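Biologist: Could you take a close look at one part of this protein for me, namely the network of salt bridges, and describe how its members are placed and how accessible they are?

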Amino acid sequence: MSKTPNKNWRPATTLVHGGTLRSQYGEMSEAIYLTQGFTYDSSEAAEARFKGENDGYIYARYGSPTNDMFEKRMCALEGAEEARATASGMAAVSAALLCQLKAGDHIVAARALFGSCRWVVETLAPRYGIECTLVDGRDLANWEKAIKPNTKVFFLESPTNPTLEIIDIAGVARLANQIGARVVVDNVFATPLFQKPLELGAHVVVYSATKHIDGQGRSLAGVILSDKEWVTEHLQDYYRHTGPAMSPFTAWTLIKGLETLPIRVKQQTENAGRIADFLAEQKQVAKVIYPGRKDHPQADLIAKQMTGGSTLICFEMKGGKEAAFKLQNALDIVTISNNLGDTRSIITHPATTTHKNLTDEARAELGISAGTVRLSAGIEDTQDLIEDFAQALSQISA
Ligand SMILES: Cc1ncc(COP(=O)(O)O)c(C=O)c1O
């Protein structure tokens with residue numbers, strides 16, 4: 001028995017009930033269908049299934065019931081018609097781009113991209129004859145200037161990793177529509193709760209579900225969302241035949257993750273906002289960038305396209321790398337790692353980890369200095385986190 005998400009449900013309800021597919025046993029918690037494939041009652045039934053004349057499953061690389069529940073719940077949340085679950089966020093990004101491009105095409109991408117995404121567009125795509133132009137995505141004029149007759153895809157993330165720049169998704173979509181190109185948005189930093197790229201005019205949305213969607217450090221996962229037409233025309237065959245499919249066990253952990261997503265993101269955002277305000281007043285901190293603060297340089301655009309701040313903060317330590325390392329090492333609750341969106345607060349030094357492969361010049365363009373630190377706020381008690389920062393900062397002279 002399948003539970004079709006009701007269009008009037010608000011996100012918190014959709015994320016508990018949407019897409020549930022109950023077996024004949026009426027299990028309360030969603031079942032894990034950990035199977036590679038499916039059987040047929042007769043040769044004729046197998047033939048009909050392969051011809052697409054009935055709706056059943058064929059092979060887990062194409063689709064399977066637990067993955068289906070995750071995909072349907074994501075569609076209901078995102079306002080998408082179709083979704084495909086992938087084994088990682090990068091599998092989602094690369095599939096979403098490559099499935100619709102061919103040699104001779106051109107991508108325009110924001111230069112502020114997660115390192116692996118930047119490698120896909122800057123290094124991998126050209127090997128297959130796909131050109132790429134990277135732009136400072138904050139200014140729409142740069143997107144327009146980069147357009148060529150063969151531009152097929154615009155690719156961006158907003159807010160960006162790690163400096164939390166904002167890109168005008170509706171503006172980029174308007175430009176894309178003028179030339180019949182498509183906009184692919186990596187919506188990881190905004191979460192599906194705070195920003196709806198499809199409503200803003202984007203054509204495809206991707207997530208690293210490793211981040212907030214699982215949010216508990218258990219799974220590596222991704223998802224691609226769009227309309228039925230795009231999935232049928234571009235993604236379906238690519239997905240079936242190149243094999244980025246998610247394991248059903250992972251899909252189950254994500255279904256469980258989605259149930260608590262609004263509660264976790266609310267607490268993480270509240271913690272991030274309070275810590276950002278605290279850090280902004282500390283003498284050891286040169287600058288705080290947080291989309292929920294009025295002093296964010298793009299506060300007007302944030303108000304237009306996002307409905308919440310962020311679970312992430314970017315800040316700069318006055319003493320450069322030495323001070324940033326000292327701070328990270330002195331924190332007790334906050335853990336040094338490179339994931340984000342987790343229930344645990346995580347601190348990262350981008351210049352020596354996530355963005356170490358960029359040249360010094362490319363890092364400077366993105367606003368990443370030796371003192372830049374990224375914090376992903378967890379769900380711990382706000383006061384405990386602030387006290388942790390206070391004791392760590394007290395060990396660092398201004
Ligand atoms: C913005 C963004 N996109 C994509 C990815 C890739 O996701 P995954 O690690 O699940 O492959 C990440 C991972 O950190 C990310 O931050």
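Modeller: What follows goes through the network pair by pair and then sets one further salt bridge beside it. The model is a predicted one, and in it 21 salt bridges are counted. Arg111, Asp136, Arg138, Glu165 and Glu365 are linked in a network of such bridges. Within this group, Arg111 pairs with Glu365, their closest N and O atoms lying 3.8 Å apart. Because Arg111 sits in the loop between strand E2 (106-110) and helix H5 (115-127), while Glu365 belongs to helix H13 (residues 360-365), this pair ties together parts that are 254 residues apart in sequence. Arg111 has a relative accessibility of 17% and therefore counts as buried, the limit being under 20%, whereas Glu365, with a relative accessible area of 37%, is partly exposed.

Another salt bridge of the network joins the side chains of Glu165 and Arg138, at 3.7 Å from N to O. Here too distant parts of the chain are linked, since Glu165 is in the loop between strand E4 (151-157) and helix H7 (169-179) and Arg138 in the loop between strand E3 (131-135) and helix H6 (140-146), 27 residues apart. Glu165 counts as buried at 9% relative accessibility, and Arg138 is partly exposed at 39%.

For a bridge within one helix, one may turn to Glu47 and Lys51, whose closest N and O atoms are 3.9 Å apart. These two residues are four residues apart in helix H2, so about one helical turn separates Glu47 from Lys51. Glu47 is partly exposed, at 48% relative accessibility, and Lys51 is exposed, with a relative accessible area of 53%.

Key
Residues numbered from 1 in each chain as written. Predicted model: local features only at pLDDT ≥ 70, side-chain atom pairs only at ≥ 80, totals over all residues. Heavy atoms only, no water. Salt bridge = Lys/Arg side-chain N within 4 Å of Asp/Glu carboxyl O. Buried < 20%, exposed > 50% of the residue type's maximum accessible area, 1.4 Å probe, protein only.
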